[in-house]
Amino acid sequence: MATHRKQFAVIGLGRFGQSVCRTLHDHGHDVLALDISEELTRDVHAAGFATHVIQADSTEIQALQELDIHEYDTVVVAIGSNLEASVLTVLNLLDLGVTDIVAKASYDRHGQVLERVGGSTIRVVYPERQMGERIANSISEADILETIELSPDYSITEIHPPREWIGKSLVEVELRPRYGVTVIAIKSGRELKVAPPGEERFQAGDVITLVGPNDRLDQLRHLSP
Ligand code: ATP
């Protein structure tokens, strides 16, 4: 359950939109789901993926205004294949005073248009591309287990300990002074040690979760077995 119940609106109930709705709703948030399609709104209502389900055309500003859309904490625009509908919807949201928009883009040019229109109010996501990268990372031979980009310069990543770290403690390895990264957690078998103390020792097969600048994390990945 979410510690802070938030109000989300999700516009567009394709596969991505429905998955966003369902996950937010499962986390205990209030979710308004909206789609132009009567069939999809009926399906989402029947599946119970949202708190409210509305059939409306989001390119019509009046429809969004009547929903008091500006009162939502975040509005997700999950319209990928119709550029015009995606951009008009974002414009409407901006005009109505929505302060946080997450919008799906299907390709680079689409994303660039959304960024130009939305400026600092919008976060553009490329779900197909990001999921592809994630899956490729998780199945590639390189030992990048999982990486989450926090900003263009910083990430959280998982690595196995390089051979020379095995049996040594965090302090002995001098992770922060030497590599400029911080250990968030170490997973040893089934045990997860969050914010491990400096005397914690690395074992073969551990999965270390690190946060730090991308170039330093890259350096560590190359050391990793
Ligand atoms: P998926 O998430 O399945 O990959 P997609 O990115 O291809 O989908 P679209 O098919 O373009 O996205 O649109 C997703 C949903 O947005 C569809 O269910 C569609 O009915 C809805 N949609 C499109 N235009 C509008 C609009 N003007 N108002 C509201 N909903 C709309």
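User: Hi! I would like to learn how to read the pockets here. By class, which residues make up the lining of the largest pocket?

Analyst: Good place to start! The lining has 15 nonpolar, 17 polar and 11 charged residues. Keep in mind that we are looking at a predicted model.

User: How is a pocket found, and how much space lies in the largest one?

Analyst: The general idea is simple: a probe the size of a water molecule is rolled over the atoms, and this shows where empty space is left. Here, the largest pocket holds about 1,600 Å³ of space. It has 43 lining residues, and those closest to its centre are Phe16, Val125, Tyr126, Pro127 and Gln130.

User: Which helices and strands give two or more residues to that lining?

Analyst: On the helix side they are H1, H6 (127-139) and H9 (214-223). The strands are S4 (74-77), S5 (101-104), S6 (122-125) and S7 (147-149). H6 provides the largest share, with eight residues.

User: Into which domains is the chain divided, and how far apart are their centres?

Analyst: Domain 1 covers 7-125 and domain 2 covers 129-223. Taken over C-alpha atoms, their centres are separated by 35 Å. Now link this back to the pocket: each of the two domains gives at least three residues to the lining of the largest pocket.

User: Let's turn to the ligand. Which residues around it come nearest?

Analyst: There are 20 residues around the ligand, and the nearest are Arg15, Asp35, Asp57, Ser81 and Lys104. By class, this shell has nine nonpolar, seven polar and four charged residues.

User: What should I look for in the contacts between polar atoms?

Analyst: Look for pairs of N or O atoms within 3.5 Å. In the side chain of Ser81, an N or O atom is 2.5 Å from an oxygen atom of the ligand. Lys104 has a polar side-chain atom 2.6 Å from a ligand oxygen atom. With Ser58 the backbone takes part: one of its N or O atoms lies 3.0 Å from a nitrogen atom of the ligand.

User: How much of the ligand does the protein bury?

Analyst: A common way to give the size of an interface is the accessible area lost when the parts come together. Taken alone, this ligand exposes 640 Å², and the protein buries 83% of that. Helix H1 (15-26) and strand S2 (30-35) are the elements that give two or more residues to the shell around the ligand.

User: Back to pockets: how much space lies in the second largest one, and what lines it?

Analyst: About 170 Å³ of space lies there. Its lining includes Leu170, Glu174, Arg176, Thr182 and Gly198. By class, the lining divides into seven nonpolar, two polar and two charged residues. Helix H7 (170-173), helix H8 (175-179) and strand S9 (182-188) each supply at least two residues, and H8 has the largest share, with three.

User: One last feature. What can I find at the two ends of helix H2?

Analyst: Look just before and just after the helix. At the start of H2 (residues 38-47), a side-chain oxygen of Ser37 comes within 3.3 Å of the backbone nitrogen of Glu39. After H2 comes Gly48, which has a positive phi near 70°.

Technical notes
Residues numbered from 1 in each chain as written. Predicted model: local features only at pLDDT ≥ 70, side-chain atom pairs only at ≥ 80, totals over all residues. Heavy atoms only, no water. Near = heavy atom within 4 Å. Polar contact = N/O pair within 3.5 Å; in protein donor to acceptor, adjacent residues only side chain to side chain. Areas by Shrake-Rupley, 256 points an atom, 1.4 Å probe, with all protein chains shown as cover. Helix = DSSP H or I, 4+ residues; strand = E, 2+ residues; numbered from the N terminus. Nonpolar A, V, L, I, M, F, W, Y, C, P; charged D, E, K, R; others polar. 1 Å grid on protein atoms, 1.4 Å probe; cavity = no way out; pocket = protein on both sides within 12 Å on 5 of 7 lines; lining within 4 Å. Points joined across faces, edges and corners; volume = space filled by probe spheres on them. Domains from an automatic or database assignment.
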